Amino acid sequence: MESRSVTETPAANVARASDGWSHILTSPRWIAAIALLLRVGWIIIGHTYRFKNTDDNFSFGWEMGRIGASLASGHGFSSPFGPPTGPTAWEPPLYPYLTAAVFLVFGIYSKVSAFVLLTLNSIFSVLTCIPIFLIARRIFSEKVAVGSAWAWALLPNIIFWCTRAIWETSLAALLLTTIIWVALTLEGREGWMPWLQLGLLWGVTALSSTSLLSFLPVAGLWAWYRRAQRGKRSLAGVALASTVFFSCITPWLVRNYETFGKFIFVRDNFGAELRLGNGPGADGALMDYLHPTENTYAMRQYQAMGEVPYVATRKRQAIDFIKADVTRFASLCVKRFIYFWAGPPKATQPWWMGEAKNSLFLASSVLMFWGLGRALRLRKPGAWLLFWLILLYPAVYYGVYSIPRYRHPIEPEMAILAVFLLTEARKRTGLRTPGGNSFS
């Protein structure tokens with residue numbers, strides 16, 4: 001029998017290589033893998049795990065790090081600013097306990113602990129690529145899904161937060177994006193599992209980032225409405241999700257009541273934060289010079305009064321200021337709206353660097369709003385869910401103060417809407433040759 005060898009042509013080899021690259025470029029798993037490589041690589045190359053210790057390690061996680069150190073050293077959930085000040089509810093419990101677990105294994109405020117925590121943040125950020133892809137594909141198209149996932153994987157401002165800040169920022173983005181995906185799919189799913197997932201996700205979110213809870217009622221009502229349109233019942237599912245949610249947070253609420261003698265919903269620092277944005281000298285930005293870590297007098301007040309009375313005093317001061325001049329408060333809210341979407345004033349040197357950063361910050365917001373408007377006009381499924389997210393989540397920051405980190409949890413949805421808009425623009429215009437052929 002004659003044997004024959006088959007030699008592939010160069011064209012076949014090119015086609016096979018092209019298929020391989022196409023798979024890499026469009027696979028959410030490959031996108032996530034490359035995103036993780038970039039993030040961990042930057043932590044190592046940029047030495048971002050080396051936090052300064054001239055501030056007694058406060059920049060290593062700020063209040064989260066302080067509480068984590070207190071837990072790891074056996075002093076309980078306490079002392080958010082450094083000096084021993086007793087039990088606290090200044091921050092939600094999840095991330096400080098995560099920080100404490102890392103401290104116990106790798107050392108309090110050690111470089112290895114910093115590397116591990118930043119790597120965990122990077123993993124949270126990388127995992128966000130997957131619900132971004134699924135949401136964008138469900139609402140818009142495969143092309144928008146791929147573009148959105150790549151945008152999240154590669155954009156420097158996204159990489160910054162998970163590789164520089166030991167905080168719950170990247171975890172919040174992952175939780176919120178996953179919640180939106182579950183809400184979008186509820187209308188087509190049966191059984192108790194999706195409701196269990198939704199309740200568990202919201203419970204974990206409440207213990208991690210309470211500011212996201214402003215979106216909870218609308219997410220539930222939106223899913224209920226979509227299911228009702230299909231003639232599906234949701235009452236039992238909502239009851240299950242609610243039960244799971246309250247089961248998650250009740251132990252912490254009981255701890256707060258037993259510790260402070262009053263009901264505290266997860267955390268208690270809102271009044272103090274309200275004062276940091278409203279009072280004599282307020283200009284719409286964070287008045288960090290009033291914070292106990294920056295102000296010796298405020299720190300002494302906090303130590304002498306205790307956390308709950310201190311927060312109540314600060315809240316009363318802020319409310320008195322607001323009531324005395326509602327018009328000024330309204331103007332401050334307008335400023336904070338601008339700062340949330342365009343970036344707060346920066347003292348960066350040289351001056352043009354701050355302006356450039358804020359210009360990019362504003363550009364992403366403009367693209368997002370434009371994309372959201374376009375999605376609503378085209379009646380894309382899920383566009384109204386994104387509308388309510390963009391409307392409700394930032395509202396509290398308009399009344400308090402705004403810093404760039406606060407926008408990060410909704411930046412996955414912003415990326416999706418911006419990429420959708422750019423995809424639509426390319427589809428509508430195209431690139432045409434003089435003869436009229438389109439390359440779009």
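**Exercise 1. The ring cluster**

Which residues do ring pairs link into a cluster?

Solution. In this predicted model, the cluster is made of Phe337, Phe340, Trp341, Phe369, Tyr393, Tyr397, Tyr398, Tyr401 and Tyr406, linked by ring pairs.

**Exercise 2. Two aromatic pairs**

Classify the pair of phenylalanine 245 and phenylalanine 246, then the pair of phenylalanine 340 and tyrosine 398, and state how far the residues are buried.

Solution.
- Step 1. The structure contains 26 aromatic pairs. One of them joins phenylalanine 245 to phenylalanine 246, with 5.0 Å centre to centre and 75 degrees between the planes. Planes over 60 degrees apart count as edge-to-face, and this pair is edge-to-face.
- Step 2. Phenylalanine 245 has a relative accessible area of 9% and is buried, whereas phenylalanine 246, at 45%, is partly exposed.
- Step 3. For phenylalanine 340 and tyrosine 398, the ring centres are 6.1 Å apart and the planes stand at 90 degrees, so this pair is edge-to-face.
- Step 4. The pair connects distant parts of the chain: phenylalanine 340 belongs to helix α16 (residues 326-342) and tyrosine 398 to helix α19 (residues 395-399), 58 residues apart.
- Step 5. Buried means under 20% relative accessible area. Phenylalanine 340, at 1%, is therefore buried, and tyrosine 398, at 15%, is buried.

**Exercise 3. A charge over a ring**

Which residue lies over the face of phenylalanine 361?

Solution. Arginine 407 does, at 3.7 Å from the ring centre.

**Exercise 4. Two packed helices**

Describe how α6 and α7 pack.

Solution.
- Step 1. Helix α6 covers residues 129-139 and helix α7 residues 142-154; their axes are 7 Å apart, at an angle of about 155 degrees.
- Step 2. Angles over 145 degrees count as roughly antiparallel, and α6 and α7 are therefore roughly antiparallel.
- Step 3. Their crossing is right-handed.
- Step 4. In α6, Cys129, Ile132, Phe133, Ala136 and Arg137 take part in the contact; they meet residues of α7 including Glu142, Val144, Trp152 and Ala153.

**Exercise 5. Positive phi**

Where are histidine 47 and tryptophan 62 found, and what is the phi of histidine 47 and of tryptophan 62?

Solution.
- Step 1. Most residues other than glycine have a negative phi.
- Step 2. Histidine 47 has a positive phi, near 50 degrees. It is found in the loop between α2 (28-45) and α3 (62-72), and at 36% relative accessibility it is partly exposed.
- Step 3. Tryptophan 62 also has a positive phi, of about 50 degrees. Tryptophan 62 is found in helix α3 and is partly exposed, with a relative accessible area of 30%.

Terms used: Residues are numbered from 1 along each chain as its sequence is written. This is a predicted model: local features need pLDDT of at least 70, side-chain atom pairs count only at pLDDT 80 or more; totals for chains, interfaces and linings use all residues. Side-chain values use heavy atoms; hydrogens and water are left out. Rings of Phe, Tyr and Trp (its six-membered ring) pair if their centres lie within 6.5 Å; planes under 30 degrees apart count as stacked, over 60 as edge-to-face and the rest as tilted. Buried means under 20% relative accessible area, exposed over 50%, partly exposed in between (1.4 Å probe, protein chains only). Helices (H or I, at least four residues) and strands (E, at least two) are DSSP runs, numbered from the N terminus. A charge sits over a ring if NZ of Lys or CZ of Arg is within 6 Å of the ring centre and within 35 degrees of the ring normal. Axes are lines fitted to C-alpha atoms, for helices over the stretch in contact, and angles run from 0 to 180 degrees between N-to-C directions. Angles under 35 degrees count as roughly parallel, over 145 as roughly antiparallel, 65 to 115 as roughly perpendicular and the rest as oblique. A crossing is left-handed if the near helix is turned anticlockwise from the far one by less than a right angle, and right-handed if clockwise. Contact means heavy atoms within 4.5 Å.
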